[in-house]
Structure formats: structure tokens, C-alpha cells
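User: Please give me a close look at one part of this structure, the way its strands pair, and then go on to the parts that can be described around it.

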Amino acid sequence: MKVGLISDVHGNRVALEAVLDDMPPVDEVLCAGDVVGYNPWPAACVDVLRERSVPTVMGNHDAAVVGDAPFRFNEMARAGVKHASEQLSEGQLAWLESLPDERLACDGRVKLVHGHPDDPDRYTRYTYPREFSPGLLDEEDVLVLGHTHVQGVEQFAEGIVINPGSVGQPRDGDPRAAYAVVDLDALTAETHRVEYDIDAVQEAVRETDLPKRIGTRLARGE
């Protein structure tokens, strides 16, 4: 069984479409949160995941849009949350609000969280690839994290810890959209990157009230 992994789409429809077009055949796609925020197309991204019935967990930007985020945001993040709140329909907001903080998929073999699996505050702890360890794993074979926008994977005797990277706003110096594929039969994981039309996203940002840096930073992967 092969599983596609995505995270941190952040309203970037162009990047999401590029990732889904580039992804090799998989049996299921899973999302580790932050479907909305930052970029211009939160509604379109929600619709894509809903229509594909993609199992998804709630990220901190998702939580902020539905009014459940007791933490601070910078100017760009606040603007993205406001934009998403104005763009989403009642049905789209209801879907976002229904997302769990943690989800088991693939008969319990894959666990999805957004931040850190043991963080009682859900989104306070950022777990970068250098911090991946077997201690993060519980009974699952694969732990999928998001939140940092930094792609990375480590394989241990106990299983795999992986961040597929950010679809819509990478922050690891590589501007290409990120995703990953896990083979649950072989228990292996591959990370992938795909180019997309960043210029089109930047132009769309300029046509909104969103801060222009949301678009310019995409070209630098930051």
C-alpha cells in the first residue's frame, strides 16, 4: 500500500494542483494540517481535499480561522487568517472545524499530527527533522508531522518519522512544492519536490489585500 503525504497547503491552489498532478499512483492521500492561511485560495484548497475525502488533521491556521487558536500570529499570518475567514462558506468552515488534532489512518499504521505528538498545547512545539527520534513513535509504523514547513524523513527500527514539507509555503530554502510517498508494505519513504507557477501566485497575492511578502517569499523558499 502506497500513501501520499501532504501538509501546510496554506491556500496555495497552484502548488496543490502541481503536487497532486506530480504524485505517483497511491492508494490514499493524507494531510497533516494547515489547509488554509497565507495564500489567496483557501476555499479552493478546502474543496480539493473535501472532494477527494483526504483524511486531514487541524493545523494552527485552520484552528485560527474557526476561532480556536490562543496564540500570536505575525502580520502575514493574521492577514491570511482574515482572508480565509472571509472567503470560506459555512460548509467549508464546518469541515475545517470538524478536523481532529490527531488521526490514525491505514488501519492504525499511520499517525497524523500537525505539531508535536505530545504537545498539550497542540502547536507550541515545532519538531524539525534534526529532532526526529524513535521516541516520537507510539504504536504506529509512520508518524507524519507538519508545522515547520521543513521537509525531512528518518527511518528507525521502530518506524518512520516524516515531515512531507510544505505544499504551499516551503521554508527550507527550496521554493518547489513538497510532498512525500510512503510504501507501507516495504516500510520506506520518499520525499518529492515539484516546480509550480510561483509568478501566478505572486500576481494573485497582489490582486488581494494580502501582504505582498506572502508572494515574494515563495520564490526564496522561506
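Analyst: **Strand pairing in the sheet**

Strands β5 and β7 run parallel and are joined by three bridges; two strands are said to pair if DSSP finds at least two bridges between them, and the strands themselves (E, at least two residues), like the helices (H or I, at least four residues), are DSSP runs numbered from the N terminus. This is a predicted model, in which local features need a pLDDT of at least 70 and side-chain atom pairs count only at pLDDT 80 or more, while totals for chains, interfaces and linings use all residues. Residues are numbered from 1 along each chain as its sequence is written, and side-chain values use heavy atoms, with hydrogens and water left out.

The pairing of β5 with β7 belongs to an open sheet of five strands, which follow one another in the order β3-β4-β5-β7-β6 with mixed pairing. The edges are taken by β3 (102-105) and β6 (152-156), each of which has a single partner strand, so one side of each is left without a neighbour in the sheet. From one strand to the next the twist averages 15°, where the axes are lines fitted to C-alpha atoms (for helices over the stretch in contact) and the angles run from 0 to 180 degrees between N-to-C directions. In general, the strands of a sheet pair through backbone hydrogen bonds, either parallel or antiparallel.

Going through the sheet from β3, four bridges join this strand to β4, and the two run antiparallel. Here Arg-103 stands opposite Leu-112 in β4. The two strands form a hairpin with four residues between them, and in its turn Cys-106 has a positive phi of about 55°. Strand β4 (residues 110-113) is also joined by three bridges to β5 (residues 142-144), this time in a parallel arrangement, with Lys-111 opposite Leu-143 in β5. Leu-143 has a bridge partner in β7 as well, namely Val-161.

At the other end of the order, β6 and β7 run antiparallel and are joined by five bridges; Gly-152, for example, stands opposite Asn-163 in β7. A hairpin through two residues joins β6 to β7. In strand β7 (residues 159-163), five of the five residues are buried, so this strand is largely enclosed by the rest of the structure; buried here means under 20% relative accessible area, exposed means over 50%, and partly exposed lies in between (1.4 Å probe, protein chains only).

The loop between β5 and β6 contains His-147, which has a positive phi of about 80° although it is not a glycine. With a relative accessibility of 3%, His-147 counts as buried. A second loop, between β8 (177-183) and β9 (188-194), holds Leu-187, where phi is near 50°, again a positive value in a residue other than glycine. Leu-187, however, counts as partly exposed, at 22% relative accessibility.

Turning to the helices, Asn-60 lies in α3 and counts as buried at 5% relative accessibility. Its C-alpha atom is separated by 8.6 Å from that of Gly-115, although the two residues are 55 apart along the chain.

In helix α5 (residues 90-97), the buried residues are Gln-92, Trp-95 and Leu-96. They cover an arc of only 100° around the axis, which puts them on the same side of α5, the arc being that of the directions from the helix axis to the C-beta atoms. Glu-90 and Glu-97, on the other side of α5, are exposed. The buried residues of α5 pack against α2 (42-51), α3 (60-65) and α4 (75-87). For Gln-92, which is buried with a relative accessible area of 7%, the contacts (heavy atoms within 4.5 Å) outside its neighbours within four places in sequence are Ala-43, Val-46, Asp-47, Arg-50 and Gln-87.

Helix α2 has Pro-42, Ala-43, Cys-45, Val-46, Val-48 and Leu-49 as its buried residues, and these pack against β1 (2-6), α1 (13-22), β2 (28-31), α4 and α5. Just after α2, Ser-53 takes a positive phi of about 55°.

One further side-chain arrangement involves Trp-41, where the charged end of Arg-13 sits over the ring, 4.6 Å from its centre; a charge is taken to sit over a ring if NZ of Lys or CZ of Arg is within 6 Å of the ring centre and within 35 degrees of the ring normal.
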